[in-house]
Amino acid sequence: MPSSDTTPIEATSAWKALEKHHQQISKSRISDFFTDDPNRFENFSAQAPELLFDYSKHLITSETLELLIDLVKQSGLEKAINEIFEGELINNTEKRPALHVALRSPHKNTAEEKAVHLALSKIEAFVAKVQNGEWTGSSGLPVTDVINIGIGGSDLGPAMAYEALSHNHTTKLRCHFVSNVDPSHLEQTLTELKPESTLFIIASKTFTTLETIQNAQVAKQWIQQSLSSNDDLAKHFVAVSSNIEQAQAFGIDEKNIFPMWDWVGGRYSLWSAIGLPIALGSNMQCFRELLSGAHAMDEHYKNSPLENNMPVLMALLNIWYLNFYKVETQVILPYVQNLHLFPAFLQQLDMESLGKSVSKDGQSLDVKSGGLVWGSAGTNGQHSFHQLLHQGTHMVPADFIACAISSTKNSEQHQHLLANCFAQSKALMQGKSLEEAKTELSAQGHNEVEVEALAPHKVIAGNKPSSTIMMQALTPSALGALIAAYEHKVYTQSMILGVNAFDQWGVELGKQLGSELFQAISSDENCSSFDASTNALINYSRKNNKS
């Protein structure tokens, strides 16, 4: 592809034109764009399945958009979009396709799609057994609690979606999520549970992930204490893994091991059996609607013109701010309480995928491939970090996410929520001038001296960009479309800038060092093998270990 295999994207004519254009409009104000164009919302918004994407409050003009679309064409993205659906080896460092789109395809044309539908049938049968009480623990009691033990994509995705769809939960089953190797995470989760009615899902593609296996072993010991025979252990454990042999050695019956495939990355896996807690918490129909919504977004991404393609537009805006305005960060602001874990989910999706310093062909990057992603649910953020968004010296592009319809019956309070959401995006754009601040203070009865002293503190620069993504309601299909939109946004950004979005070698170094350091911490010898800081920390922890 041109952006990675031949000409670096920053050397293309489109990039050079964008650099020049940025200089021309860098002093513009978003509010003036609305004054100049009464139809700006219509011209700078896009419809996708289940979603409305308003990007009119951005520092872009029609010319900006044209130049960004030209950048897409020069990057070869249109070919790359087809490659992800055709199963090409787009994960070049691991020589694998990235076929998470097959996980939500309704078709059975390829070997991967056929395997997916077999797995869905197995999931459906399992969910029915657990929900109707046919699956029982060792004492014959039905399952009341399910604990998902995983980490990264085997935790963040299903936990986020389970919480997001809590208003769809139709069973008495309670799902819990344990990820941290800190023993208190699992111990605190188990405190109020009964072994005889608890089922564990061990979610690990390799069945060797340290945090997951450590927690699984503790869970196994907890269950074994209540068993009369180890033969009953399998009644309390299922697995999602590609390592059948290792899962069986742990004590899980082969028929209770759900498949994972090399062509699905962890952070793209909630659509697979990794999503078991989502189906268990609600029902299989809910899970299938989640897949259907994602597939509808896949079709939009694959078939829509670039200028109306929501994930492409999202990616272009990120590239625009990261590389031309030199921003470092993006904030995700769901004004939907059930999406409170969505920013954390996007942190992994975006930062693990785009946190790269070399191109696909191993050359050092001279562009920013990704930024820092963070956020929290509105309106909580308004009373903490929004102060920095409005009056800080940073430009932080924001994604507001909201629903027209509440999942509760309190429509008036939901209208307050929406009013806050829309007010925040408007305030980021509009700001408050010094003259406006003085007029406001005078109207409040302050004298001239007080006005002059206080007014500068009330000035808000404004001109801060934001997008708003609206759903009619947080349905399973709308959630599926929303997640898939961000997945494709990340892929688009990676392909334009020429990086591999599907490996994560930076994660491996810490794992390698962790194994060495564990040996040192476990030793009775004073540690002197590492740098002075690491040696001192190990020796301090050993000296002060009271256990």
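**Exercise 1. Placing a leucine**

Where is leucine 165 found? Work out its surroundings in this predicted model.

*Solution.* Start with the chain: leucine 165 sits in the loop that links α8 (156–164) and β4 (174–178). Next, check its accessibility. The relative accessible area of leucine 165 is 2%, and buried means under 20%, so this loop residue counts as buried. Then look for its contacts. Setting aside neighbours within four places in sequence, leucine 165 touches Ile278, Cys286, Leu474, Thr475, Pro476 and Leu479. Finally, try a distance in space: from the C-alpha of leucine 165 to that of serine 197 is 24 Å, with the two positions 32 residues apart in sequence.

**Exercise 2. Classifying ring pairs**

Decide how the rings of phenylalanine 200 and phenylalanine 237 are arranged, then do the same for tryptophan 320 and phenylalanine 324.

*Solution.* The structure holds 20 aromatic pairs. For phenylalanine 200 and phenylalanine 237, the ring centres are 5.1 Å apart and the planes meet at 15°. Planes under 30 degrees apart count as stacked, so this pair is stacked. Now place the two residues: phenylalanine 200 belongs to strand β5 (residues 198–203) and phenylalanine 237 to strand β6 (residues 237–240), so the pair ties together parts 37 residues apart in sequence. Phenylalanine 200 is buried, at a relative accessible area of 0%, and phenylalanine 237 is buried with a value of 0% as well.

Turn to tryptophan 320 and phenylalanine 324. Their centres are 5.3 Å apart with 35° between the planes, and the pair is tilted. Both tryptophan 320 and phenylalanine 324 are buried. They also belong to one aromatic cluster, together with Trp15, Tyr321 and Tyr325.

**Exercise 3. Arginines over rings**

Which rings have arginine 40 and arginine 104 over their faces?

*Solution.* Take each arginine in turn. Arginine 40 lies over the face of phenylalanine 44, 4.2 Å from the ring centre. Arginine 104 is positioned over the face of tryptophan 271, at 4.7 Å from the centre of that ring.

**Exercise 4. Reading a sheet**

Trace the six-stranded open sheet and find the strands at its edges.

*Solution.* Write down the order: β1-β2-β11-β10-β8-β9, with mixed pairing. Each end of the list is an edge: β1 (45–48) and β9 (372–375) have a single partner strand each, so one side of each is left without a neighbour in the sheet. From one strand to the next, the twist averages 20°.

Now zoom in on one pairing. Strands of a sheet pair through backbone hydrogen bonds, either parallel or antiparallel. Strand β10 (residues 398–403) and strand β11 (residues 466–471) take the parallel option, over six bridges. Alanine 402 has methionine 470 of β11 as its bridge partner.

Last, add the helices. Helix α14 (residues 310–323) lies across β1, β2 (51–54), β8 (329–334) and β11, at about 30° to β2. Helix α15 (residues 342–354) lies across β8, β9 and β10, at about 175° to β9.

**Exercise 5. A helix crossing**

Describe how helix α6 meets helix α13.

*Solution.* Begin with the axes: those of α6 (residues 77–86) and α13 (residues 284–303) come within 9 Å and cross at roughly 145°. The crossing is left-handed. Then list the residues making the contact: Leu77, Ile81 and Phe85 from α6, and Asp298, Tyr301 and Lys302 from α13.

Notes: Residues are numbered from 1 along each chain as its sequence is written. This is a predicted model: local features need pLDDT of at least 70, side-chain atom pairs count only at pLDDT 80 or more; totals for chains, interfaces and linings use all residues. Side-chain values use heavy atoms; hydrogens and water are left out. Rings of Phe, Tyr and Trp (its six-membered ring) pair if their centres lie within 6.5 Å; planes under 30 degrees apart count as stacked, over 60 as edge-to-face and the rest as tilted. Helices (H or I, at least four residues) and strands (E, at least two) are DSSP runs, numbered from the N terminus. Buried means under 20% relative accessible area, exposed over 50%, partly exposed in between (1.4 Å probe, protein chains only). A charge sits over a ring if NZ of Lys or CZ of Arg is within 6 Å of the ring centre and within 35 degrees of the ring normal. Two strands pair if DSSP finds at least two bridges between them. Axes are lines fitted to C-alpha atoms, for helices over the stretch in contact, and angles run from 0 to 180 degrees between N-to-C directions. Contact means heavy atoms within 4.5 Å. A crossing is left-handed if the near helix is turned anticlockwise from the far one by less than a right angle, and right-handed if clockwise.
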